[in-house]
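User: I'm new to this structure and would like a close look at one part of it, with enough of the surroundings to see how that part fits in. Please keep it informal.

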Amino acid sequence: MFSTIREQIDTIFHEDPAAKSVLEIVLCYPGFHAVLMHRLAHYFYESNIPILPRFISQVSRFLTGIEIHPGAKIGRRFFIDHGMGVVIGETSEIGDDVLIYQGVTLGGTGNEQGKRHPTIGNHVVIGTGAKVLGSIHVGNHVKIGAGSVVVRPVPDYSTVVGIPGRIVRTRSAADGVLEHGQLPDPEGQEINDLKERVAALEAQMKAILEGQTTKAVTRN
């Protein structure tokens, strides 16, 4: 248990430059509290103890604003930065070294039975407010931009943005942190492409009309 706590503290120091001391993390980091309480709730859940796991998860939700179903499987060095509004569903599976921000949802798409929540690979970053929905697999070293809605599987080393989420970049290896303010905007690019196409068509129509007018004047 103490090794788990130590590893979690080390993870926060590594991921969050704002962390100044162990005492600050222990007292002031809701993501730290939520993960540790989930470890306890998940242990009881796996032991088939009724009610208590859900009760612990609800207490955690009340205290931290983070809701993690006790059935969710979470790997090592998982960090929730800030955390308010995070929801992680029952059949979610999260790999090692995953970082998520506030407002993230790992949810289902309906009332289906069985595996209905996402499987997240290792070394994944999920930006603020992103939603990953359904029984889909998100590969290793994937980056999901803030506000994205991902409903389809994502291969390794990809960057996903937009609604619905689109792969805008595929890398050959892991690179730096997720630059939230420098992600591509596929919807905006499509709009700009459409504007350019409309402008080109307008120019063509104008040239045709001017040519017809010139011919008419010449004939007269």
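Analyst: Let's start with the word "helix": here it means a DSSP run of H or I at least four residues long, and the helices are numbered from the N terminus. Keep in mind, too, that this is a predicted model. The part I'd pick is helix 3, which covers residues 30-46, and just after helix 3 you'll find N48 with a positive phi of about 60 degrees.

How many residues does helix 3 have? The count is 17, and from the first C-alpha to the last helix 3 reaches 24 Å. That is close to the 24 Å expected at 1.5 Å a residue.

Now for its hidden side. Which residues of helix 3 are buried? They are G31, F32, A34, V35, L36, H38, A41, H42 and F44. An α-helix has 3.6 residues a turn, so residues three or four places apart point the same way. With that in mind, try finding A34, H38 and H42, which are among the buried residues of helix 3.

What do those buried residues pack against? On the helical side, their neighbours are helix 1 (2-15), helix 2 (22-28) and helix 4 (52-64). The buried residues of helix 3 also pack against strand 1 (67-68), strand 2 (73-74) and strand 3 (79-80). Let's follow some of these neighbours outward.

Helix 1 comes first. Helix 1 has 14 residues and reaches 20 Å between its end C-alphas, close to the 20 Å expected at 1.5 Å a residue. E7, Q8, I9, T11 and I12 are buried in helix 1. The cover over them includes helix 3, along with helix 2 and strand 3.

Helix 2 turns up in both of those packing stories, and it has something to show on the outside as well. F13, V22, L23, V26 and L27 make a nonpolar surface patch of about 430 Å². Helix 2 gives the most to this patch, with 4 residues. One residue to look at is L27, which lies in helix 2. Is L27 buried or exposed? L27 counts as exposed because its relative accessible area is 58%, and the cut-off for exposed is over 50%.

Next, the strands that helix 3 packs against. Strand 1 belongs to an open sheet of 5 strands, paired in parallel in the order 1-4-7-10-13. Its edge strands are strand 1 and strand 13 (149-150), each pairing on one side only. Within this sheet, strand 4 (residues 87-88) and strand 7 (residues 105-107) run parallel and are joined by 2 bridges. If you want to spot one of the pairs, V87 has T105 in strand 7 as its bridge partner.

Strand 2 leads to another open sheet, in which 4 strands pair in parallel in the order 2-5-8-11. Strand 2 and strand 11 (137-138) are the edges here, each with pairing on one side only. Inside this sheet, strand 5 (residues 93-94) pairs with strand 8 (residues 119-120) in the parallel sense, over 2 bridges. E93 stands opposite T119 in strand 8.

Past strand 5 there's a residue that echoes N48. D97 has a positive phi near 60 degrees, and D97 isn't a glycine. D97 sits in the loop between strand 5 and strand 6 (99-100). With a relative accessible area of 22%, D97 is partly exposed. Y157 makes a good companion to it: its phi is also positive, near 60 degrees. You'll find Y157 in the loop between strand 13 and strand 14, and at 25% relative accessibility Y157 counts as partly exposed.

That loop brings us to strand 14 (residues 158-161), our last stop. S158 and V160 point one way from strand 14, T159 and V161 point the other way, and all of them are buried. Strand 12 (residues 143-144) runs parallel to strand 14, joined to it by 2 bridges, with I144 opposite V160. Strand 15 (residues 166-170) runs antiparallel to strand 14, and 4 bridges join them. Here T159 has R169 as its bridge partner. The hairpin of these strands has 4 residues between them, and its G162 takes a positive phi near 100 degrees. The peptide bond from I163 to P164 is cis, with omega near -10 degrees, and P164 is found in that loop between strand 14 and strand 15.

Notes:
Residues numbered from 1 in each chain as written. Predicted model: local features only at pLDDT ≥ 70, side-chain atom pairs only at ≥ 80, totals over all residues. Heavy atoms only, no water. Expected span 1.5 Å × (residues − 1). Buried < 20%, exposed > 50% of the residue type's maximum accessible area, 1.4 Å probe, protein only. Contact = heavy atoms within 4.5 Å. Patch = residues over 30% accessible without salt bridge, like charges linked within 9 Å, V, L, I, M, F, W, Y side chains within 5 Å. Areas by Shrake-Rupley, 256 points an atom, 1.4 Å probe, with all protein chains shown as cover. Salt bridge = Lys/Arg side-chain N within 4 Å of Asp/Glu carboxyl O. Pairing = 2+ DSSP bridges.
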